[in-house]
Amino acid sequence: MRWLTQMSVRNPALVLIVSLLVVLGGVFSMAVIQIESEPQAKLGMLTISTAYPQASAEDVLENVTKPLERAVDSVSGMKTYISSSEENHSMLTVSVDAEADLEKVQNEIEKNVAMVKLPSTAGPPKVKLRMIGSEPMYFLAISSNDPDLGNEEFYRLVEDQFVDELETIEGVESADVIGVEERQARIKPNLEVLHHYGISSQELMQAITAQHVVTSAGTVTDQGQELIARFTNDFTKLEQIRQIKLRLAPGKGGDAGYLPLGELANIDWEMNRTSLSRLNGKPAVAVQISKTPEGNIVSVSDQIREKLDAFRTGYPDLKFEMVSDRSDFVKTSIGGMAQEGFVGMLMAIAVIYLFLRSFRSTMIVVVSIPLCILISVTLMQFNGITINLMSLFGMTVSIGRVVDDSIVVIENIFRRIQTEPRTKETIQHAVGEVVRAITSSTLATVAVFLPIAFVSGLLGDFFKPFAAAVAWSLLASLLVSVTVVPLLASITMRKEKHKETEYGGGKITLWYVGILRQALEHKGKVALVAFLLFASSAGLASRLPTGFLPELNMDLLYLKLQLPAGTSLETTNAKAQEIEQAVMQEPGVLYIQSKLGAGKGENKQPHLADMTIKLKEGFDQEMVQAGVRKRVEPLIPADAQVTFSKPAAGGQEGYQLVLYGTDFATLQQTVAMIKEKLNENPLLTNIKDNVSGKRGQVSITVDRDRAMLWGMTPDQVSKQVAAVLGSTKLATIKQDGVDRALVYGTGDSSDWQQLPRMWVKTPSGQQVELKELADVRKEKVAPELLRKDGKAYIQITADILSTDKGGVSQAQTRILEKLELPEGVRISAEGISQDMQKGFTEMTAAIGAAILLVLLVMVASFGNFLSPLAVLISLPLASIGGLFALWLTGGVMDMTVMIGFLMLIGIVVTNAIVLIDRVQQHIAEGVPVRDALIEAGKTRLRPIVMTAVATIAAMLPLAFGFSEGSLLSKGLSTVVIGGLLSSTLMTLVVVPVGYEALYHWRYARRERDRKKMLAANLEER
């Protein structure tokens, strides 16, 4: 590193040009770098979603889920899979091994599921990679105030114009619409007329299908040219369908044995509604927009708002509301963290000036901050890392640390030129004295973030941008401190007047030296005090509340209402309106958007309602959520569930318990016992499982013997009944140039009591009522069937009413583990418990690896093992202040705090390295160890205190910040500030004590070995 200093001092033009290139590159990178809310964290999971309309949960399991499970089971790299089979829909979630290539596994799964033979009415399986940030980012509400604009025309305008234009925006992946009605043509058979003419509903449907033919038949030639032969017998008008003639059996009447279809069925247009949407209780179509992984969340938002402005100008009678825009949170967070970073920088500058009392020296140090940030942004852009909460957080946190190297360099230069000639050589020698210390301390700090590269899953992807931003900023700070800082010092500081100054006017230094001498004389007492403090702080760790990742302060609450499966959209709508009215009475609520049912093309879910509640500024989220919960819970029926949640940085925040066993009936019995135990915990609410809730089902069991007497099979009977009930899509028919669905069946209007009297046509042409062939009865069945790796399991979930989510979850699991469960039944806590267990295990391993890497860097730097061991004494001293600070501020031990302790390892060894490096220099010159320790303490007191106080000052705004993004930084900053306070105060005393003890132990051992060798030589003589 010394050659860099020499080159920069002797060739200032080169440094100036390189610095200018760095600035230009950084500014360009900041202009083009992608911005998003969270990192595109891959969760190591794939989902396979398949629609199977008009199918029960059991049919979905047997006909769709199980074949897909068999296809997935053979995929290499697949770790485990769970499946959910519910009415009309199958969902498989596949967990992938951390070492496997996600894209390769996804391609293999897509290939396998595409080969699976599914029922003709089932949709194609959709394979999707689950990622943080892939959920919809923008929510719009569009409503009409134009009395002349009909609903259908309004819906077409939304879908065919507004949504189409929104999807053309660069960076938009999809725009899904909720709350519209679709026009379709229905052929509703007249069952009494069909019975009169001896025609089955199935025969009528087959006759209609046979009349709609659009297909290619082959090719013909004409004068040497090949032409395609194509049938074009498609329906273009409803009247065409009505005039189709159906041949009747002999003796059944009609014109020449034929009858128009219009006399056998009602054929007309109808509006089909599968979803509803409202804003503040008034109808409004909801549009939710997702961006592509490469899309810039801020740029996409700006383009959406431009489109909305154009829509408002072109359609003044329509109202366009941006209900929720994730980019607002991103912009607020970026602005807030940038503001806090700027305030922290100003505080760090003030601290440096107070110590140096030199404006020029202070400004030299200040130059390092923007240069380091610009270099970091350039490297982020080059490596494809985006500006997101975590990378911005890393740059903001590193502001306090990037000045450390420059402070040590400028302080040593400042000290040397007070008593030596102010030449370039003096500056080079001053930098040379500390270059090993700042290099090893910076590399040690960077090394602590290397293990994050090996943290798997969500945590790894989530924190890697943070680690990269910090590491690059620190490496840039090292480069700047040995090049730009010496150059600026050689230009400016040689002109400063001589003024001998010492930290604290010398009094504090003398006071410190006195304490250090006493400590070196009473090593045992110092060790005892340090141990007691460490032990007491370690005891606090078990009492701190625990969590996974902090919730985000976005002024949003989510409410999900789940009524029993099978509930109609009208019933769900009535209950949702009650809840909306109750929520709007809460003073802190700005608006509520409700979405009922499902969007276009999605699984039909009329029993679900999702509500997004926006809070007014200045209202406390916890208080508003408690108020909303108090108003809503009395409105919820006993057989329904409601879930309250807030936006979180990732992970699952609820309690989740899974029961495994071979006997499903035994599992069901165990559920009641466990739920009774969970209800005793006041911190758990909304306790539910996937088997207790039942939905109605009409079971039709064909008597094979009776059916055989009529010449029929259960398959023939089922097909005739299926042709009457529900809706079967036959084809499409154009209306005003738009393709509309042509469906056959009675729809949802069939009365189950009429079902036993339904006529079934036998192969001989006779007609018999269904009740003569089958037993028709109502029963209750499970609405959802869950399986893991092909075996059934039961899941129990609950909301946790505490910030100590990990503590509540672990305590409850310990209680349940003491229960005497039936033989063959075992329980497993998942959700937040599983996430935390994995996260804390990996982060603890990362901290252990970081300590070893720091030790490796220091051994390579110092050339011995004694000095690194003395430096490592500072690590437990840092945990003392970190844990006490977290306890005093009521913090939660979560993953951001663990990252804080990881970062603390690199920061606190910096001061110890600076001290011990100076000690080694003196010992190498022949100075006795104690004198070397005392002199190093006097010399390094000011830079150590300066760097610590500057780092603390830079982080104070983050610890006490009130911006929306500061929730991620509060715990980390609190730990770093507390750890720096304790480690700085104790490093200056305990580390010298430890070093001297280790030094004497080593040389005493050498002396003993030497004496033994001499004694052995004398005996031989």
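## A walk through the nonpolar cores

Start by selecting Met903: outside the four places either way in sequence, it touches Val397, Phe449, Phe466, Val470, Met955 and Leu972, where a contact means heavy atoms within 4.5 Å. You're looking at a predicted model, where local features need pLDDT of at least 70 and side-chain atom pairs 80 or more, while totals for chains, interfaces and linings use all residues. Numbering runs from 1 along each chain as its sequence is written, and side-chain values use heavy atoms, leaving out hydrogens and water.

Next, widen the view to the largest nonpolar core (buried Ala, Val, Leu, Ile, Met, Phe, Trp, Tyr and Cys joined through side-chain atoms within 4.5 Å; buried is under 20% relative accessible area, with a 1.4 Å probe and protein chains only). It has 133 residues, and Phe466, Met893, Met903 and Tyr995 touch the most other members. Highlight helix 27 (residues 895-924), which gives this core its largest share, 18 residues. Apart from that lies another core of 41 residues, including Val163, Val300, Phe311 and Trp472.

Now for the rings. How many aromatic pairs does a search of the whole structure find? Seven, counting Phe, Tyr and Trp (six-membered) rings with centres within 6.5 Å; planes under 30 degrees apart are stacked, over 60 edge-to-face, the rest tilted.

Select Phe162 and Phe311: with centres 4.7 Å apart and planes at 40 degrees, the pair is tilted. Phe162 sits in helix 5 and Phe311 in helix 9, 149 residues apart. Add Phe320: its ring centre is 5.1 Å from that of Phe162, with planes at 80 degrees, so this pair is edge-to-face. Finish by adding Tyr315, since ring pairs link Phe162, Phe311, Tyr315 and Phe320 into a cluster.

Terms used: Buried < 20%, exposed > 50% of the residue type's maximum accessible area, 1.4 Å probe, protein only. Helix = DSSP H or I, 4+ residues; strand = E, 2+ residues; numbered from the N terminus.
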